[in-house]
Number of protein chains: 2
Amino acid sequence: MTAPDPSPHRLGRRHLLRAGSLGAGALGVGAASVGLDRSLRRRGAETGPAGDGPAPHAAAVIPFHGPHQAGIETPAPAAATFLGLDLREEVDREGVLRLLRLLTDDAARLTRGQSALADTEPEMAAEPAALTVTVGFGPGLMERAERAVPDWLAPLPPFGIDQLEERFTGGDLLLQVAAEDPLTVSHAARMLLKDARAFTRVRWVQPGFRRSPGTQAPGTTMRNLFGQLDGSANPRPGSDHFAKVVWIDEGPFTGGTSMVLRRIRMDLDGWDEADRSAREQSTGTRMDSGAPLTGGTEFSPPDFTQVSANGFPVIGEFSHVRRARGVDEGEHQEIFRRPYNYDEAPPPGSTALSEAGQIFVSFQADVLGQFVPIQQRLDALDLLNQWTTPIGSAVFAIPPGCAEGEHLGQSVLE
Amino acid sequence: MTAPDPSPHRLGRRHLLRAGSLGAGALGVGAASVGLDRSLRRRGAETGPAGDGPAPHAAAVIPFHGPHQAGIETPAPAAATFLGLDLREEVDREGVLRLLRLLTDDAARLTRGQSALADTEPEMAAEPAALTVTVGFGPGLMERAERAVPDWLAPLPPFGIDQLEERFTGGDLLLQVAAEDPLTVSHAARMLLKDARAFTRVRWVQPGFRRSPGTQAPGTTMRNLFGQLDGSANPRPGSDHFAKVVWIDEGPFTGGTSMVLRRIRMDLDGWDEADRSAREQSTGTRMDSGAPLTGGTEFSPPDFTQVSANGFPVIGEFSHVRRARGVDEGEHQEIFRRPYNYDEAPPPGSTALSEAGQIFVSFQADVLGQFVPIQQRLDALDLLNQWTTPIGSAVFAIPPGCAEGEHLGQSVLE
């Protein structure tokens with residue numbers, strides 16, 4: 001299950017999409033069974049052929065080819081680096097296609113533990129550790145490839161809370177490089193950048209982390225740097241509901257999705273000064289269990305009608321959970337979040353104890369219909385805004401996956 | 001084995017040291033059996049009481065109390081942050097002692113999964129993930145505590161290859177915070193900094209990574225970002241030889257050691273341009289196996305007398321392995337290396353693909369007699385210097401461990 005499939009698949013994209021939507025084709029099922037439960041994959045690796053060795057995560061392989069790109073529905077591994085690249089001025093449509101063929105070849109090799117073509121360090125590629133490489137297109141790439149830019153593929157509308165910095169914003173091309181091991185991520189990102197170098201300039205690099213393998217219990221939600229359970233409302237990977245929330249089902253990006261990537265600085269020093277009650281009021285949930293203040297478990301629906309003895313709503317109107325979920329009928333939108341944390345050295349001269357936050361990553365079929373209304377509500381009124389500041393922002397179109405012999409974006413740019 | 005020991009130990013430091021040196025006392029054995037094999041600890045956790053849960057690494061505990069501080073002989077976990085702090089001007093001897101009592105209390109709690117005193121996020125402390133907190137003293141702290149500064153506790157002599165930056169150099173107090181999970185490290189570092197804030201200013205913060213749990217096979221050596229097996233010559237933790245190389249056996253720091261911490265930038269872009277043969281000549285070892293070019297395995301001694309058909313030494317005179325090991329009789333010194341990698345965003349405006357390198361960390365009983373001669377030989381002639389540049393440097397005195405009821409540094413500063 002976790003070993004690279006040695007048989008070459010020569011299926012076309014349409015076949016893949018069909019297989020994927022039926023949940024049946026060999027590739028679709030393979031990707032799903034490997035991808036949908038990090039713990040299962042791990043357990044599988046430990047007891048299966050790949051697990052006879054003593055470093056089970058090192059050998060884990062997430063199939064690169066399939067109807068959807070890996071790195072979205074597949075479990076979020078421990079380490080990721082997000083690379084925002086700009087095309088060099090002289091790169092034209094042919095150049096874009098050459099670049100994508102190169103990156104696709106690199107990604108297919110690296111994710112199955114083979115070295116990239118120009119790689120002089122095959123040992124560093126030998127342990128893919130569930131490596132995924134996910135590619136996204138900014139509006140600049142679509143233009144350069146002489147194809148229509150979808151109306152939603154544009155900077156987000158400005159929000160009042162934004163303090164965006166150019167160095168974390170925008171980009172023509174996105175590479176999300178993620179694996180269970182940061183050394184694998186580091187090497188894969190270098191190899192991809194090396195091959196992309198003739199075509200692109202690095203606009204930004206954002207390394208992030210989640211829990212190490214074996215430290216997050218399967219099926220549980222990760223805490224963010226504020227200590228909040230973060231992602232409780234996510235649609236469940238592998239479900240029909242997930243597919244509906246995430247995958248685009250018409251037009252050139254069918255089988256793909258959109259990614260919103262926002263760098264959100266978290267004021268941990270300020271958060272430390274808030275007591276537990278203030279924190280719980282700001283989110284509308286309990287710090288310990290993540291349950292709504294109206295009771296139940298992390299996954300219980302909040303009861304926005306419940307009032308306390310003195311007549312106030314138990315979950316405040318301006319709490320994060322209420323604003324995120326929507327207040328009025330018909331306001332309930334969903335996105336799939338797959339964030340990473342960052343915690344870096346404070347800038348020189350700063351008296352802050354940390355420069356930390358979240359690389360917020362969400363996938364949704366419809367940026368304008370799903371992400372934007374949620375963010376507009378949070379922007380207008382969300383107590384959590386006191387401690388969070390978006391300092392970077394980008395939207396990318398994620399093309400569908402590809403079959404062997406194809407390159408990423410082929411169907412979109414053909 | 002990996003669960004916190006609930007019984008309070010009220011043993012004095014001398015007892016601990018005696019127990020440690022005999023390898024017998026309850027604490028000494030406990031620390032050794034937990035500490036010396038990351039894979040055993042992991043396996044123990046998976047099959048033992050702490051391992052019934054599905055996140056075995058989360059519950060792993062490395063005992064804080066003992067004859068030596070944890071975080072040296074104990075296995076190097078996946079994530080670490082190194083904090084260099086300067087004492088505020090107004091902090092006197094009493095202030096230093098108060099600070100150390102506070103940090104000792106925090107460290108003892110956090111490493112066993114309890115929250116620090118001022119911590120409003122007990123959930124974040126609940127999973128120690130093999131957390132260790134190791135404290136070191138710079139010369140400034142000894143002076144402030146009105147105690148003699150050992151002659152070796154000073155900046156290293158300048159080396160020709162150095163391009164030291166103030167922002168990564170020196171410091172009065174060192175905290176090495178390490179765990180199998182970066183979220184644990186992030187939280188613990190914050191809690192310690194919060195309590196240290198009234199006494200210290202942050203001088204530098206250096207986060208680093210090693211392989212994730214389950215990606216490095218037990219007993220094997222980690223590759224660094226150059227792809228080199230790095231640490232093959234290390235003395236084996238738990239051995240008498242290790243004790244001889246690392247622990248100070250006389251004077252106030254008995255049971256302690258010295259730490260050299262150097263930030264070494266690695267020119268990965270330049271390294272990429274070197275072919276495999278040039279790389280192997282520069283180190284004197286094979287890239288794949290780490291074996292000396294004269295044959296054998298990673299652990300075989302290099303044969304410096306072997307010459308090739310045309311009469312040249314197989315391992316060049318200027319190769320890293322030859323310079324590191326010493327050329328003439330009596331030149332062989334040893335240190336224990338416990339490095340971490342860093343790979344961060346290139347500085348704004350840079351055309352480099354990465355800002356990466358190694359947080360070189362070594363422990364040795366005698367800085368001047370062990371570390372300095374090795375570094376002097378490497379400084380004078382080492383082909384690897386082409387691609388490496390030390391940009392930060394600090395030396396710290398690591399006091400011995402302490403028993404419950406004592407604080408770190410108590411014996412040194414009493």
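Q: What makes the meeting of the side chains of A:Lys194 and B:Asp272 a salt bridge?

A: Happy to walk through it. The term asks for a side-chain nitrogen of Lys or Arg within 4 Å of a carboxyl oxygen of Asp or Glu. In this predicted model, the N to O distance between A:Lys194 and B:Asp272 is 4.0 Å, so the pair fits that rule. Between chain A and chain B the count is 16 salt bridges.

Q: How do you know which parts of the model can be used, and how are names assigned?

A: Local features need pLDDT of at least 70 and side-chain atom pairs pLDDT 80 or more, while totals for chains, interfaces and linings use all residues; side-chain values use heavy atoms, without hydrogens and water. Residues are numbered from 1 along each chain as its sequence is written, with chains lettered from A and ligands numbered from 1 in the order in which they are written.

Q: What is counted as the contact between the chains, and how many residues does it take?

A: Contact means heavy atoms within 4.5 Å. By that rule, 58 residues of chain A and 59 residues of chain B take part.

Q: How much area is buried between chain A and chain B?

A: Buried area is the accessible area (1.4 Å probe) that two parts lose on being put together, summed over both. Here the value is about 4,800 Å², with carbon and sulfur atoms giving 54%. In chain A, the residues that lose the most area to chain B are A:Glu123, A:Arg190 and A:Leu353, together 15% of what that side buries.

Q: Why can one say that the copies meet through the same surface?

A: Of the interface residues of chain A, 100% are also interface residues in chain B, so the copies use the same surface.

Q: How are the two copies related?

A: Copies are superposed by least squares on the C-alpha atoms of residues with pLDDT of at least 70 in both. A turn of 180° and a shift of 0.0 Å along the axis lay chain A on chain B with an RMSD of 0.0 Å. The two copies are therefore related as by a two-fold rotation axis.

Q: Is B:Arg279 called buried or exposed?

A: Buried means under 20% relative accessible area, exposed over 50%, and partly exposed in between (1.4 Å probe, protein chains only). The relative accessible area of B:Arg279 is 0%, so this residue is buried. Leaving aside neighbours within four places in sequence, B:Arg279 is in contact with residues including A:Thr120, A:Glu121 and B:Trp271.
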